[in-house]
Amino acid sequence: MKNINLKKSLVALTTAALVAALAVVIPTTARAAGPDCSGTALPKYPVYDVQLCKGTDQFGAKYEIAMPKKFNGTLLVWSHGIRKNSNLPAIPVVAPKGYLVDNSAEIAPTPDIAAKLLKQGFALAGSGVQTQGWNLAEQVLATTIVIDQAITTFPAIDRVAAWGASLGGLSSQILAETNPGLVEAVAPLCLSDSALSEITMAGDFLWGVKTLFDPTIKLSNYSSGTTGYMEMVGDIGKVLTVFGTLSAAIKANPLAPTWPATSTAPATLKGIPVRSAVLLLGLISGISTQSTTFDSSSGPAGPLETSFGLAISPALAVLENGAQAAILAVVANYDMELRAGGVVFDNSKTNYAARLGDDGDVYAAGLSGKTATAGMLGYLSALNPAAPRVTANASAVASMKALGEISGKITVPTITLSATADHITPPGATQYLINQYNSAVANGDSKKGLLVNIWNKPADEYTKFDAAGSPITPAKPTNGTQHCNFTESQFMMIAKMLTDSAKSGKAPTAKTVAAAIKKDKNLFVDPNYTAPLLKARQ
């Protein structure tokens, strides 16, 4: 950063523009407080000789800025992923001890990563944002304000790099795209696509769960006030009950598990193994068929060695992933409806048979054949009155779109890291950014060579079985699966490339990336790899 005054002027203009554009969704009643720079990083971040500043911006967002004594000139600004926007009572799996809305500041993926970066001389900053849920607009503004506060408090800051995960990755990317010159480099990790793409994926899956397994799940159009909150909490309980029942049925009889008692599907449909219905819902919504336990390939020694990988493992992977996706749909639908003032999810015109496409052949064994697949798709058809569709509110959809969309107009080095089996932000979200960037380059809106994409993939086979042939859930989630499930070394690798790019103004070269990922068997770079787009983009 050659001119700190120029940077401060840009931040001020950006903040003013965001406040004007987002006045409807961002309250201005809070009072700014701080920063109080009298503290040290200890004990929150295990590192000495670091000044820790804490404050609250004028919109009520808490923030932190950590400045090491031996500073190298680079500020790394972190944006956290989505957090629940409602308090929850104690709910098994989702919130065993209950949940209180968390607005705390976050300056790195973990405290240990923060400590390592601080020891290397990087300043760190991050905001907790004043509201949670799908807070894309608020997060972009809060990040801009914390950058302003950091360079005001510490004029020695010479350059700024932004990074974030999931929704935080999306907000970091939009911050860089819409405000050229604000940051010198950006790294959107496990990138989220958009509110509508995410809710389409999770909503399609939840709609299928409701339609096939428990029609009392409300799914959308939650009531206002306390009634709506209780409806949302009730839906979480119903989803957990369905998945618990499905899991028990498949464990008891993997080849021909029974349907939940809450299902109102006809007897002819229930003649199909319920695992096939679970797999179908995963395929038409875009839920990964690889999970932390199931690789969709391995089978236990014995009579199920072949059939387990072909017919059972993919369904179990969807079941393991789908529980979290369905809960996300409940919480996100409720949050987005409150935020946008109406129903956002829409499947009124969705053709689920077209959505399945070639996967009907690829997973024919798991789907129990073409006749069974056709029967299930027929039941999910828009022509079936027993499977009512959901129609969104047009103004609510427009409100969510207005909060921010990826354009691909990249002007600074941009580094992505995405998992091929992430079931919350599938790799198709990053592929959408790639496609948008390629279009921007073709249109002359961006220069070539600014986007580097690193993919995180699990091994082809990793499922383990006990002596009885039952799958063993690993103690640690399998790298390459789950949501934003990166190792500390992977986060640190990205941080190094990001900060090097911020300093040089250039994206890392192919040689640099190859050397960085050489010892990590889960990471790869392949310009010919194309991830399937999220279903809403196809």
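Is Val 129 buried or exposed? In this model, which is predicted, Val 129 is buried, with a relative accessible area of 1%. The residue sits in the loop that runs between strand β5 (123-127) and helix α3 (136-153), and its phi is near 70°, a positive value in a residue other than glycine. Such a value deserves a second look because most residues other than glycine have a negative phi, and most peptide bonds are trans.

Two further places in the chain can be read against that background. Ser 296, in the loop between α8 and α9, has a phi near 60°, again a positive value in a residue that is not glycine. In the loop between β1 (33-40) and β2 (50-56), where Pro 43 lies, the peptide bond from Leu 42 to Pro 43 is cis, with omega near -5°.

From the loop that holds Val 129, the chain leads into α3, and the axes of α3 and helix α4 (residues 167-178) come within 9 Å of one another, crossing at roughly 65°. The crossing of these two helices is right-handed. On the α3 side the contact involves Leu 136, Gln 139, Val 140, Thr 143, Thr 144 and Ile 147, which meet Leu 167, Gly 168, Leu 170, Ser 171, Ile 174 and Leu 175 of α4. By class, the residues of this contact divide into seven nonpolar and five polar, with no charged residue.

A second helix pair is formed by α5 (residues 195-213) and α8 (residues 274-285), whose axes come within 8 Å and cross at roughly 155°. Angles over 145 degrees count as roughly antiparallel, and α5 and α8 are therefore roughly antiparallel to each other. Their crossing is right-handed. Helix α5 contributes Met 201, Asp 204, Phe 205, Gly 208, Val 209, Leu 212 and Phe 213 to the contact, while α8 contributes Val 274, Ala 277, Val 278, Leu 281, Gly 282 and Ser 285. Sorted by class, the contact of α5 with α8 has nine nonpolar, three polar and one charged residues.

Two of the α5 residues in that contact, Leu 212 and Phe 213, lead on to the nonpolar interior. In soluble globular proteins, nonpolar side chains tend to be buried together. The largest nonpolar core here has 120 residues, and those with the most contacts inside it are Leu 88, Trp 134, Leu 212, Phe 213, Ile 236 and Met 400. Helix α9 (residues 305-340) gives the most to this core, with 18 residues. Leaving aside residues up to four places away in sequence, Leu 212 touches Trp 259, Ser 263, Ala 265, Leu 269, Ala 277, Leu 281, Tyr 379 and Leu 380. A second core, separate and made of 42 residues, includes Val 50, Ala 161, Cys 190 and Leu 498.

Helix α9 also holds Ala 325, which counts as buried at 0% relative accessibility. When residues up to four places away in sequence are set aside, Ala 325 touches Ala 202, Ile 287 and Ile 424. Ala 325 and His 423 are 98 residues apart in sequence, yet the C-alpha to C-alpha separation in space is 7.1 Å.

Note on methods
Residues numbered from 1 in each chain as written. Predicted model: local features only at pLDDT ≥ 70, side-chain atom pairs only at ≥ 80, totals over all residues. Heavy atoms only, no water. Axes fitted to C-alpha atoms, helices over the stretch in contact; angles between N-to-C directions. Helix = DSSP H or I, 4+ residues; strand = E, 2+ residues; numbered from the N terminus. Parallel < 35°, antiparallel > 145°, perpendicular 65-115°, else oblique. Left-handed = near helix turned anticlockwise from the far one by under 90°. Contact = heavy atoms within 4.5 Å. Nonpolar A, V, L, I, M, F, W, Y, C, P; charged D, E, K, R; others polar. Core = buried A, V, L, I, M, F, W, Y, C linked by side-chain atoms within 4.5 Å. Buried < 20%, exposed > 50% of the residue type's maximum accessible area, 1.4 Å probe, protein only.
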